[in-house]
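Here is a friendly walk through one protein model, from the whole chain down to single residues. Keep the viewer open and follow along.

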Amino acid sequence: MSQSAERRWCFADQLGPHFLDSDDQPVLLIEARAVFGRRRFHRLKAHLVLSALRHRAAELGDQAIFLQTRTYREALDKVPGRVSVCQPTSRVADNFVRSLPSVDVLPARGFATDRETFERWTQSQRGLLLEQFYRDARRRFDLLMDGKEPTGNRWNFDAENREPPPKSGRLDVVGPWLPDEDEIDEQVRADLDKWERDGDVSFVGRDGPREFAVTRAESQSALEHFIENRLTQFGPTEDAMLAGDRWMSHSGLSAPMNLGLLDPLECAYAAEDAYRKGNAPLASVEGYVRQLIGWRDYIWHTYWHHGDEYRNRNALAAHQPLPQWFTDLDADALEARCLKDVLAQVRDHGWVHHIPRLMVLSNYALQRGWQPAAVTDWFHRSFVDGYDWVMVGNVVGMSQHADGGLIATKPYASGGAYINRMSDYCGDCRYKPTRRVGDDGCPFTGGYWTFLARNHDRLKGNHRMSQPLAGLNRLTNLDDVIAQQQELGDGPP
């Protein structure tokens, strides 16, 4: 081991080899228990993070100093000399490390586009459109390009990737890669049990078998499994939902990638290689690549670009608190089948794919006028792949339209008709997606029209909302719709 190399402090979301400058660089790993005492995180999220951190410490052996303390500062007081750290992924952690005189802060890693390149790109843009950023990234990384033109002569295959789910109720696809737990997982679970008994922490959600990779080797196995067995069918139904198939053809790689165990570019190039070899269709590969070097990077960079005040934006004046049934993940209190099933998945697994997040959970929060910062915090705490940088842009901008349109050009609000078209939830539900009022009136359908009525003046200048807002005038029972939704309030639908 090089004695001259500065010790690299790696946070628990910086666990891959690309966060080190050499294979033998000295490492510092810190398990700070106080982090889990500040918020009620999902039990499975705490397990995943601690398991990943302890597995990395075991892999590194004598190459790493691994300290288990109450706070980061207590641990740092025990480490002699200077340490370096790649820029942390949250503003709180970034401000903390920059306040420490013995810590050298390096540029961020784990993303395709660096911050300097993104800021330089913004200077040539009138608006920060994802599609333009994505195309620029494709050119820079020579991904799915044939010379100067996009492969297939199209940048975007979204139109082919919006199929409804199969009527069989399941995709004909090989199941996802799943790990085997080991003695480290067993010890993590025992420690979490003890911390809860001692009153040091309190969690939401249920415990259960670990479902996501926590080591570099596991992550590579999961990536290879997805590319070889599931990527082919990823694209067409990536926007669909099935009650009996929560994974569908999604990769399950967001959690290990957000732990820093996979680099997004390696995943993107692996997908491109599958296409070049004739093993995956272009529409599926393009859709996956767009998620990696487009949307994921875009959300990361807008987190820093828009400043810390962005998280508190509330363009639609949504101030309602989150109800307890939602914060406690009490799916059993619900009758609306889509919301009941999705919330139960969060409770039991700490994960659902992006469409249940956007069009069920977030859609309902948007319709009810729940406070955007509280919704952001809920997603951060409740999802195994949730981090501050992930959720601020996705929730404040994308799903709650609280930024007034900086990220999404219109609110992602929809009634039961969308859920009925893109899922199999509605057939066995007591509520009917075509009904706005009455005992069988769908809370999403009634909630959609109530949302439009409440925000009419705020949205009337948005040309993409002109048709939905005009529909309000054709509703003969709008007053009844609003009255029924007000009576429901924040009760479980």
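Among contacts in the protein chain between residues at least 6 apart in sequence, 74% join residues at least 24 apart; a contact here means heavy atoms within 4.5 Å. Please keep in mind that this is a predicted model, where local features need pLDDT of at least 70, side-chain atom pairs count only at pLDDT 80 or more, and totals for chains, interfaces and linings use all residues. Residues are numbered from 1 along each chain as its sequence is written, and side-chain values use heavy atoms, with hydrogens and water left out.

**The chain as a whole**

The protein chain has 20 helices and seven strands. These are DSSP runs numbered from the N terminus, with helices (H or I) of at least four residues and strands (E) of at least two. The chain is as compact as a globular protein of 493 residues, because its radius of gyration of 23 Å is close to the 23 Å from the globule rule. That radius is taken over C-alpha atoms, and the rule is 2.2 Å times the number of residues to the power 0.38. Along the principal axes, the C-alpha trace spans about 80 × 60 × 45 Å.

How much of the chain is buried? Of the 493 residues, 58% count as buried, where buried means under 20% relative accessible area, exposed means over 50%, and partly exposed lies in between (1.4 Å probe, protein chains only). The chain exposes about 20800 Å², and carbon and sulfur atoms supply 47% of that area. Accessible areas come from the Shrake-Rupley method with a 1.4 Å probe; for residues, only the protein chains shown count as cover.

As for charge, the mean positions of the 60 positive and 70 negative charges are 5 Å apart. Lys and Arg count as positive and Asp and Glu as negative, while His and the chain ends are not counted. Each charge is placed at NZ of Lys, CZ of Arg, CG of Asp or CD of Glu.

**Two nonpolar cores**

In soluble globular proteins, nonpolar side chains tend to be buried together. A nonpolar core here is a set of buried Ala, Val, Leu, Ile, Met, Phe, Trp, Tyr and Cys residues joined through side-chain atoms within 4.5 Å. The largest one holds 99 residues, of which Leu339, Leu343, Leu361 and Trp378 touch the most other members. Helix α1 (residues 43-60) gives this core its largest share, nine residues. Another core, of 29 residues, lies apart from it, and its members include Leu265, Cys267, Ala274 and Ile293.

Leucine 339 is a good place to zoom in. Leaving aside neighbours within four places in sequence, its contacts are Trp325, Leu334, Val360, Leu361, Tyr364, Phe444 and Pro493.

Alanine 268 is in helix α9 and counts as buried, at 0% relative accessibility. Beyond its neighbours within four places in sequence, alanine 268 is in contact with Leu143, Val289, Leu292 and Ile293.

**Residues in loops**

Leucine 329, in the loop between α11 (324-327) and α12 (337-349), has a phi near 60 degrees, a positive value in a residue other than glycine. Leucine 329 is buried, at 1% relative accessibility. Histidine 401 also has a positive phi, about 50 degrees, although it is not a glycine. Histidine 401 lies in the loop between α15 (388-399) and α16 (416-422) and is buried, with a relative accessible area of 4%.

Some further loop residues are set out below.

| Residue | Loop between | Relative accessibility |
|---|---|---|
| Threonine 71 | β3 (64-69) and α2 (72-76) | 16%, buried |
| Valine 214 | α6 (183-197) and α7 (216-229) | 1%, buried |
| Glycine 260 | α8 (254-258) and α9 (264-276) | 3%, buried |
| Alanine 159 | β7 (149-150) and α6 | 63%, exposed |

What do these residues touch, neighbours within four places in sequence aside? Threonine 71 is in contact with Ala32 and Ala34. Valine 214 is in contact with Leu48, Ser51, Ala52, His55 and Leu261. Glycine 260 touches Asp13, Leu15, Gly16, His18 and Phe19.

Some C-alpha distances link places that are separated in sequence. Valine 214 and methionine 257, 43 residues apart along the chain, have C-alpha atoms separated by 9.7 Å. For alanine 159 and alanine 283, 124 residues apart, the separation is 9.1 Å. Glycine 260 and leucine 53 are 207 residues apart in sequence and 11 Å apart in space, C-alpha to C-alpha.
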